[in-house]
Each structure stands twice: as C-alpha cells, then as structure tokens.
Amino acid sequence: MTNVNHADRRAEYYWSQVKKHGAQYPGFNWSSVEILLNLVYTYDIVSGHLSHQTSPYGITKGGFSVLMILSRSHSKACKQNEISQLMLVSRANITGLVDSLVRLGLVERTNDPHDRRVNKVKILPKGERLLESLLPGYYKHVHDICSVFTAKEKKTLNDLLTRLRTRTGEVKG
C-alpha cells in the first residue's frame, strides 16, 4: 500500500502481520487481501472524516443518511423498513436513528392505520432546513477529498468497485 499514514498503527499492523501470517494458508492471495484491507481501511478513514461534517449539526452519519433518504423520496416519507433496506442496517439501528431524529424535531414517525406493525417516517421542515444548510459544505468536502482523481480515474474506480460488488454477490459463501 502506498501513501499510508504511518501515524495510524493499523496500516503497519495489517500490511506486515496479515501478509506474514496469511501466507500459511493455501487459499491466501496477498494482492486480493490487500484490496479488501485497502477498501475497509479507506472507508473507515473517509467515513470518520465525513462524520466531522455532520456532527456540528447534531446528527450522526446514520441520521444524515436517513434524512437524505427521506428528503429524496417522492412524498418526503418512507416506511421505516424501507429506510432499513436502503441503508443496509438492522431494524434496531433504524429505530434508534429515527428516535434520535424525532427528539431533534427533524422527522416524525406515524403508525400506518392499516397495519400497526408498519411505521412511516417523514422529514419535517426543520430536517429539510438542516440538510439545506449542511449539504453545500458537505458536497464541497466530498469533492475536495475526491479531487485527487481525474475524471477518467473516478470513472475507472467506480467501474472497478461496481465489478467487485457484482462479483461478491456471485461468489457463494
């Protein structure tokens, strides 16, 4: 791995220890493991960095994701289980996220009158205003992070990541 922040001990550990110890297993392929370590490690760093963009607004990354999903839905509302499916997190996590957004007055939760098991979550005007003030700086920050790539490199990286996701779905566990 190149350009590793050596102040972060994870890089040193994973790139030395995993390579050394993994070699004892017949299916071990360092370049494949290195790709996955790079993906997870990079996601962790970028995700943590972007959390600093939402935290001054009193919301977590998860809360931000819920607000984004709701604000882009046709009716500004979704069933709670739909949000869970779009975020790829458990229903328990969604319940806690929605609870915190309700307490902040950013969303409201209502019960479906036809099915008591179904909760609908709707973004409130205060939630929309929060996004409108947060998003310009957030999108600029995302662009600044990704400015290390040319337009062609961005397309190539997106294509490669799509291929990796597709292949992951094809491989039987």
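How many residues does the hairpin that joins β2 to β3 run through? The hairpin passes from β2 to β3 through two residues. This report covers a predicted model, beginning with its strands and moving on to the core, three single residues and the largest pocket.

**Strands**

Strand β2 covers residues 107-112, and its pairing with β3 is antiparallel, over six bridges. Within that pairing, Thr 110 stands opposite Lys 120 of β3, and Arg 109 stands opposite Val 121 of β3. Strand β3 also pairs with β1, again in the antiparallel sense, over three bridges. On that side, Ala 77 has Lys 122 in β3 as its bridge partner. In a regular strand, side chains alternate between the two faces of the sheet.

**Nonpolar cores**

The largest nonpolar core is made of 24 residues. Those with the most contacts inside this core are Ile 59, Phe 64, Leu 67, Leu 70, Ile 83 and Val 107. At least two residues of the core come from each of α3 (61-72), α4 (80-87), α5 (91-103), β3 (115-123) and α6 (125-146). Helix α3 gives the most, with six residues. A second core, separate from the largest, has five residues, among them Ala 11, Trp 15, Trp 30 and Tyr 41.

Leu 70 shows what such contacts look like for one residue. Leaving out residues up to four places away in sequence, Leu 70 touches Lys 76, Ala 77, Cys 78, Ile 83, Val 107, Val 121, Lys 122 and Ile 123.

**Three residues compared**

The table lists where three residues lie and how much of each is accessible.

| Residue | Place | Relative accessible area |
|---|---|---|
| Lys 76 | loop between α3 and β1 (77-79) | 31%, partly exposed |
| Val 142 | helix α6 | 28%, partly exposed |
| Leu 131 | helix α6 | 1%, buried |

Why does Leu 131 count as buried? Leu 131 counts as buried because its relative accessible area is 1%, and the limit for buried is under 20%. Not counting residues up to four places away in sequence, Leu 131 touches Phe 64, Leu 67, Met 68, Ser 71, Arg 72, Ile 123 and Pro 136. Leu 131 and Tyr 57 are 74 residues apart along the chain, and their C-alpha atoms are separated by 9.3 Å.

Val 142 is found in α6 too, but is partly exposed, at 28%. The C-alpha atoms of Val 142 and His 49 are separated by 9.9 Å, and these two residues are 93 residues apart along the chain.

Lys 76 has an entry for its backbone as well. Most residues other than glycine have a negative phi. The phi of Lys 76 is near 65°, a positive value in a residue other than glycine. Lys 76 is in the loop between α3 and β1, and is also one of the residues touched by Leu 70.

**Largest pocket**

The volume of the largest pocket is about 1,400 Å³. Of the 27 residues that line this pocket, those closest to its centre are Thr 42, Tyr 43, Val 46, Leu 157 and Leu 161. Helices α2 (30-54), α3, α6 and α7 (151-170) each supply at least two residues of the lining. By type, the lining has 16 nonpolar, seven polar and four charged residues. Helices α3 and α6 also each supply at least two residues of the largest core.

Notes:
Residues numbered from 1 in each chain as written. Predicted model: local features only at pLDDT ≥ 70, side-chain atom pairs only at ≥ 80, totals over all residues. Heavy atoms only, no water. Core = buried A, V, L, I, M, F, W, Y, C linked by side-chain atoms within 4.5 Å. Buried < 20%, exposed > 50% of the residue type's maximum accessible area, 1.4 Å probe, protein only. Helix = DSSP H or I, 4+ residues; strand = E, 2+ residues; numbered from the N terminus. Contact = heavy atoms within 4.5 Å. 1 Å grid on protein atoms, 1.4 Å probe; cavity = no way out; pocket = protein on both sides within 12 Å on 5 of 7 lines; lining within 4 Å. Points joined across faces, edges and corners; volume = space filled by probe spheres on them. Nonpolar A, V, L, I, M, F, W, Y, C, P; charged D, E, K, R; others polar. Pairing = 2+ DSSP bridges.
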